[in-house]
Amino acid sequence: MAHLDLNEAVPACSETGVWLTCIECGAQFAPFTEVRYTCDDCDGLLEVRYADLPTWDDFEGRGVWRYDAALPFDEGVSLPEGDTPLHAVPELEAEIGVDRLRVKHEGMNPTGSFKDRGMTVGVRVAQQVGVDRLACASTGNTSAALAAYGARGRMETLVLLPAGKVAAGKVAQASLHGARILEVDGNFDTCLDIVQDLARRGKVYLLNSLNPFRLEGQKTIGLEILERFRTEEGTVPDRIVLPVGNAGNTAALYKCFRELVASGGLTPEDVPKLTGVQAEGAAPMAEAIEEGWDHTERWEDVETRATAIRIGNPVNAPKALPGIRETGGTAVAVSDEQITDAQRALAGEGVGVEPASAASVAGLRALRKQGVVDGDEQVVCLTTGHLLKDPEAAAVAGSDPEPVPGTTDGVLDYLRESS
Ligand code: F0G
């Protein structure tokens, strides 16, 4: 596959040392002169390529822009994002039975999800190409991030959401940050079809993860994890487990590893196994891995409590499936009950996440039980969004409030009787 080779000669179309390459046919394009999301020739996914890949010594500063040497610009519209915590979770580590378990809590980004990492870069590119109306389809978090970064960049934002299927916190964010919210009668995949059409017709600039520049920002999740492990543990994790919707993060992490290997910053044997987790009701990637397919089949009917990953047509599958396979990883589907159990277990460690995020831990649990994950592995689970994104799901997973009288004695009586 053309996309595995990063060592292309710098094409004539690149004046800045940055260009776009089609992962299917290898066609190359200038990055910022025209708006383009997929290949002109074959409609394949595009990937950002660089004349110079950085080494670890090139990184300084904080957050996503610490890694500017690995990005197309050296600054962007920033709130700022990145530098998220890597939590130790000792009880979960012991219960699941792995050598080391860390949880990278991407819910601690400014709008409460990893999407901020992609938006800080994506909105910078939008400024460069000179557009003023940004748009996305979203299960919620992308719309919250786009609305905030669009507001900060003084641009108009339009978000298409599946009606009735987006968690309350996310709609509230998009609304307050000033996006126009179009509630579509259809699921996420329908929203994405429509917004892609709008983008093709030149009506909007698309900031879904089909836009290759978003994935450049999301690469920094991998850089942060590996840099932290290198300096604090002197190792690299054996495996990174993450929830999968459109498979943008899976694709971004794989690109991060390939660039590090190409620059000598990571040995091929040390590349962490990319392990994707989906909800049983929306699992085309897990299906493709299980069946050995090189593509995903679109699921028309999708359903899960983890609404963030309620997606039947993962657009980044052509980038992500090779990533899972080449790194020796896998993909698995978990039930909504397993997701809620994992959400509770994380909350018991003080880590508050939304359901989709907990899928990573639920998947690790399942794979460890099946013996796919070994007991001597060092594992990082990504939790992608904050608990407060979906207050309803948190209330379902958590304990019920208990009504008590409005006096101290009444409260004491209640506590005595109920204990
Ligand atoms: N976790 C959360 C909390 C998400 O919001 C998403 C995607 C994913 C995981 C899946 O990531 O697409 O890179 O595989 N949310 C998108 C949105 C679709 O519109 O907010 P992926």
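Is Cys191 buried or exposed? Let me start there, since cysteines are an easy way in. Cys191 counts as buried, at 0% relative accessibility. Before I go on, a reminder that this is a predicted model, so everything I quote is computed from it.

Okay, so what about Cys191 and bonding? The closest cysteine sulfur to the one in Cys191 sits in Cys136, and the gap is 9.5 Å, too far for a bond. With a cut-off of 2.5 Å between the sulfurs, that pair doesn't qualify as a disulfide. Cys13 tells a similar story about distance: its sulfur has Cys39 as the closest cysteine partner, at 12 Å, which is again too far for a bond. Cys13 is partly exposed, though, with a relative accessible area of 28%. And the total for the structure is zero disulfides.

Right, on to empty space, which I guess is what most of you came for. As a general point, rolling a probe the size of a water molecule over the atoms shows where empty space is left.

First up, the largest pocket. Its volume is about 440 Å³. There are 22 residues lining this pocket, and the ones closest to its centre are Thr38, Asp43, Gln196, Arg200 and Leu210. Which element gives the largest share of that lining? That's helix α5, residues 188–200, with six residues. If you're thinking about the chemistry of the wall, the lining splits into nine nonpolar, five polar and eight charged residues. As for location, domain 1 (86–112 + 215–397) and domain 2 (115–210) both contribute to the lining, so the largest pocket lies between them.

Now the closed-off spaces. How many cavities of 30 Å³ or more does a search of the whole structure find? Five. The largest cavity holds about 300 Å³ of space. It has 27 lining residues, with Phe114, Lys115, Gly245, Asn246 and Ala308 closest to its centre. Three helices, α3 (141–152), α6 (212–232) and α7 (248–263), each supply at least two residues of that lining. The largest share comes from α7, with three residues. By class, the wall of the largest cavity has 10 nonpolar, 14 polar and three charged residues. Why do I place this cavity between the domains? Because domain 1 and domain 2 both give residues to its lining.

The second largest cavity has about 80 Å³ of space. Two elements give two or more residues to its lining, α6 and α7, and α7 provides the largest share, four residues. Here the classes come out as eight nonpolar, two polar and two charged. Among the residues around it are Trp56, Phe59, Leu223, Cys256 and Leu260, with Lys219 and Glu259 also on the list.

Last part: the sheets. Quick refresher, strands of a sheet pair through backbone hydrogen bonds, either parallel or antiparallel.

There's an open sheet of four strands, in the order β8-β7-β6-β9, with parallel pairing. Its edge strands, β8 (180–184) and β9 (205–206), each pair on one side only. Inside that sheet, β6 (residues 133–137) runs parallel to β7 (residues 156–162), and five bridges join them. If you want a spot to click on, Arg133 stands opposite Glu156 in β7.

Then we have an open sheet of three strands, β2-β1-β3, and this one has antiparallel pairing. At the edges stand β2 (28–29) and β3 (46–50), each with a single partner strand, so each is left with one side that has no neighbour in the sheet. Strand β1 (residues 18–22) pairs with β3 over five bridges. To find that pairing on screen, look for Thr21, whose bridge partner in β3 is Glu47.

One more pair and I'm done. Strand β11 (residues 273–279) and β12 pair in the parallel sense, over five bridges. A handle for that one is Thr275, which has Thr330 in β12 as its bridge partner. What I like about β12 (residues 330–334) is its surroundings: four of its five residues are buried, so the strand is largely enclosed by the rest of the structure.

That's my tour. Happy to pull up any of these on the screen.

Key: Residues numbered from 1 in each chain as written. Predicted model: local features only at pLDDT ≥ 70, side-chain atom pairs only at ≥ 80, totals over all residues. Heavy atoms only, no water. Buried < 20%, exposed > 50% of the residue type's maximum accessible area, 1.4 Å probe, protein only. 1 Å grid on protein atoms, 1.4 Å probe; cavity = no way out; pocket = protein on both sides within 12 Å on 5 of 7 lines; lining within 4 Å. Points joined across faces, edges and corners; volume = space filled by probe spheres on them. Nonpolar A, V, L, I, M, F, W, Y, C, P; charged D, E, K, R; others polar. Domains from an automatic or database assignment. Pairing = 2+ DSSP bridges.
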